[in-house]
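Reader: Could you take me through the pockets of this model, one after the other? I'd like to know what lines them.

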Amino acid sequence: MATLQKIRAKGPLLVIVIGLALFAFIAEEAMRSIQSASNESKQQVGEIYGERISVHEFQNLVDEYAEVVKFTSGNSALNDQQLTQLRDQVWNTYVNNKLIEHEAEELGLTVTDTEIQSIISEGNSPILMQTPFRNEQTGRFDANVLKKFLTDYEGMKTKSEQMPAEYMDYYNSLYKFWMFIEKTLRQESLAQKYQVLLSKAMLGNKIIDKAAFEARTNESDIIMAAVPYSTINDKDIKVEESDLKAKYNELKERFKQTAESRDIKFIDVQVKASAADKAALDKDMAETATALAAGGDIAKIVRESGSTINYSPLPISKNIFPNDIASQLDSMAVGQMKAPYYYAGDNTMNIIKVINKISAPDSIQLRQIQVAGADMNAIQKTADSIMTALHNGVAFDSIAKKYNQTGEKTWITSRNYEGAPLDGDNLKFIKTITNMPVNATEKIDFTQGCIIAQVTDRRAMINKYDVAVIKCPIEFSKDTYAKAYNDFSHFIASNPTQKDIEAKALKNGYNLQERKDLFNNEHYVGGVSNTREAMRWIFNEDTEIGNVSPLYECGENDHMLVAILTGIHKEGYRTMEDMKEYLTQEVIKDKKAEMLKEKLAQTKSIADAMKVQGAVSDTIKHVTFSASAFVMKTGSSEPMLSAVASKTAANQFAGPFKGNAGVYTLQVINKNKSAEKFDAKKEEAQQESLNMRAISRFANELYEKAEVKDNRYLFF
């Protein structure tokens, strides 16, 4: 009882303690939740209609498309520039598909499996034409070839362990390629449905068709007189703040942007070879030239020289070499050497020595039988047996079939092997078949096996060259880079503010450049590669106007860059201050137009107009309402001139009226009609085409509506 009494006495205190403990627990969980959400948001590549895509999801899409590109191009890897272009394509496709899917869902538009199968069966889609599932006779897509592949693939998966790894890898890649094609077909079909639906919302009529024909075929020949705006000095025009405000409100819709942009100033330092670096290279090249002239191991000399072009132990065609090398080979004799010389096109020092020239086929047709066995003795025994049978007149095809091979004829061209590193068995194989005459058969022994090869045709005999090429870029040394880095970092440390850098950059030999309206979906700052870190700094929400960035090492390890943030333009309408320079010019043009119209107000003819100081005159023929007239004397395209001319009768005078480059008057000297005859169906088709072109801009409207956020710069 005493214990219970004590608990009752401490009841209010216990409630407070327990309440605080519960609050602490709830607060801790809330903080964890907030932190988790924050971390998750930092991994978002973008957002469309409020739906986020993570960097992991986006990378999966990039990887999928990269595999398709590698499969179709035959490349095993993509360089940085190719990957950058690929990511852009993937992002643009992803956004467009999401925009269409959102609209389609609201409208109830879908693409069924039956529709996809119908498209595949018909085989007319351009996408299908790009697949390898083609009929050998027609060259067109063949659904039966596709079906056979899918059936074979399903069967192969059940016994993949029994299949050669390379064979299975190819079939897996081809299957993934088809899955991508099928997905693309579905997306494209949905987009086409949506566009067709939109096109039906724009209907033409006979009145519009007739008006469009008249606008194109009714022509006017005119004499015009104009007084250019340049005849009045800008300094003589007074621009008030109220003028700018009125013009801003008039043109405001022009100043809308769908994404934030930023203004920067930056210094880009490109490190170049010093005089000492060039002298060192000259010395090395001279020593290499001496070694080449003396003969010896050519491959070793080329390899140790640091040349960007490897020596080929096999004579190769000249088109494998860079143009500056290839253009000289025909005129050089065997044994001739060109001493070290400079080529400005790629900033290199070069040496060429022609060792031999031969005439060889560019294309070789052959068939082969791969000989297998338990060991090399068994392989050699089987190979000798095959050669004996061939010498005795047994058909090549029948022997190949005996060993479960097709023995089919295949072509090997120079581009299949030239430029690739050749050594060992590969070199032996190419050398052998290159020197074999037509119908000759040889046994080619390799390290791990043997091939019976027969050359069945040789075509396109061309000159091939055994040539040593030393091409060495004139590059900066580590010491040169270190000095440039130290000098630049010292300058930035000594001038830490925007004002300091602007005042002293030029005096210290640095060029301060400016870039307006940099968007975060761009990949490079100042056209310099590998500037992702600089982009992240520029668009970081904590970076403020006037901040100076750290020093970034970028480019191909040959650039250094520092940026200054000078302006931020948020998504939406640009401010009047942002557009002040443009608005000022527009107001000046308006005020000049009013002044010039006053001067021309009493003119009744071209002769009167030409009395105004600074006036120019010209004759322009075939002016139509449908196209803007171009005035040579003012260097400007003038839609108003076309409009006024089309509404002015023959021999009548019109003006003054405002144009893009001045105030104009005109007199119509002739009205005529082109020889084109009205064709109702043709006009209807043209108007439908124009409607479709207008509808194609729907993506811009959807893009704004979707509130697309692109944060790829944070990751790539």
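Author: Here is a look at the two pockets and their linings. First, the ground rules: this is a predicted model, where local features need pLDDT of at least 70, side-chain atom pairs count only at pLDDT 80 or more, and totals for chains, interfaces and linings use all residues. Residues are numbered from 1 along each chain as its sequence is written, and side-chain values use heavy atoms, with hydrogens and water left out.

A pocket here is an open set of points on a 1 Å grid over the protein atoms alone, where a 1.4 Å probe fits, with protein on both sides within 12 Å along at least five of seven lines; lining residues have an atom within 4 Å of a point. The largest one holds about 1,000 Å³ of space (the volume filled by probe spheres set on the points, which are joined across faces, edges and corners). Its lining has 32 residues, with Asn520, Lys709, Asp710, Asn711 and Tyr713 nearest the centre. Helix α4 (80–107) is one of the elements giving at least two residues, as are β1 (44–48) and β20 (709–710); helices (H or I, at least four residues) and strands (E, at least two) are DSSP runs, numbered from the N terminus. The largest share, 4 residues, is from α4.

Now the second largest pocket, at about 790 Å³. Of its 28 lining residues, Thr93, Asn97, Phe180, Thr184 and Gln187 are closest to the centre. Two or more residues each come from α3 (55–73), α4, α8 (165–199) and α24 (698–706), and α8 gives the largest share, 10 residues.
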